Amino acid sequence: MTETIETVQTDRTSSVSRWALAALVAGTLIVFFTSSGTGSPPAGWSDNPQTALSEASETSRRVVMGFYLPGCSPCVAMEHEVLPARPVREALSGFVPVLVNAISNPQLADRYQVEVTPTYIITDAQGNLLAKRVGYQSVDEFVAFVQGVSR
């Protein structure tokens, strides 16, 4: 009889521990997904695609749109490592760059068939697609992408 009682107590303790661990993991994921990602865009980047297209139309420039999802590790890496780099900033001097949350702008993501993030597209001032690149890119790769369309 004593063995049965100990087994029940161990099972209850184990069950409580699993629930506590699950709650801890869930809480950590919630914090991660709501706090990482593009809190504010890098210098020179907008976070309003409509404003970016209007500005491009008024200034006869092209638009670089970077689609991301909150918590997307490659998106965060692009935001912190690539987009602020001097060669990227210089390559973007003739463009209107904007970061677009694919969840907040589903119609825009659908329009450009964004299925994976990060996805970077270049459009003319009217929003017509000129080029598209999917996934993380190094500084050199991103600069080549932008320069390939600026010619």
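Q: Is Arg86 buried or exposed in this predicted model?
A: The cut-off for an exposed residue is a relative accessible area over 50%. Arg86 has a relative accessible area of 54%, so Arg86 is exposed.

Q: Which side chain meets that of Arg86 in a salt bridge, and in which helix do both residues lie?
A: Side chains of opposite charge can pair when their charged atoms come close. For Arg86 the partner is Glu90, with 3.9 Å from N to O. The two residues are four apart, about one turn of the helix, and both belong to helix 4 (residues 86-91).

Q: How many salt bridges does the count come to?
A: A salt bridge requires a side-chain nitrogen of Lys or Arg within 4 Å of a carboxyl oxygen of Asp or Glu. Glu90 and Arg86 form one such pair, and Glu55 forms another with Arg61, at 2.5 Å between the closest N and O atoms. The count comes to two.

Q: What is the relative accessibility of Arg61, the salt-bridge partner of Glu55?
A: Partly exposed residues fall between the 20% and 50% cut-offs. Glu55 belongs to this class because its relative accessible area is 33%. Arg61 also counts as partly exposed, and its relative accessibility is 22%.

Q: Where is Thr119 found, and is Thr119 buried or exposed?
A: Thr119 is found in strand 3 (residues 119-123). Beyond its neighbours within four places in sequence, its contacts include Phe67, Val114 and Val134. Its relative accessibility is 1%, so Thr119 counts as buried.

Q: Which backbone oxygen lies 2.4 Å from a polar atom of the Thr119 side chain?
A: A polar contact needs N or O atoms within 3.5 Å. At 2.4 Å from a polar atom of the Thr119 side chain lies the backbone oxygen of Val116.

Terms used
Residues are numbered from 1 along each chain as its sequence is written. This is a predicted model: local features need pLDDT of at least 70, side-chain atom pairs count only at pLDDT 80 or more; totals for chains, interfaces and linings use all residues. Side-chain values use heavy atoms; hydrogens and water are left out. Buried means under 20% relative accessible area, exposed over 50%, partly exposed in between (1.4 Å probe, protein chains only). A polar contact is a pair of N or O atoms within 3.5 Å; within protein, one must be able to donate a hydrogen and the other to accept it, and residues adjacent in sequence count only if both atoms are side-chain atoms. Contact means heavy atoms within 4.5 Å.
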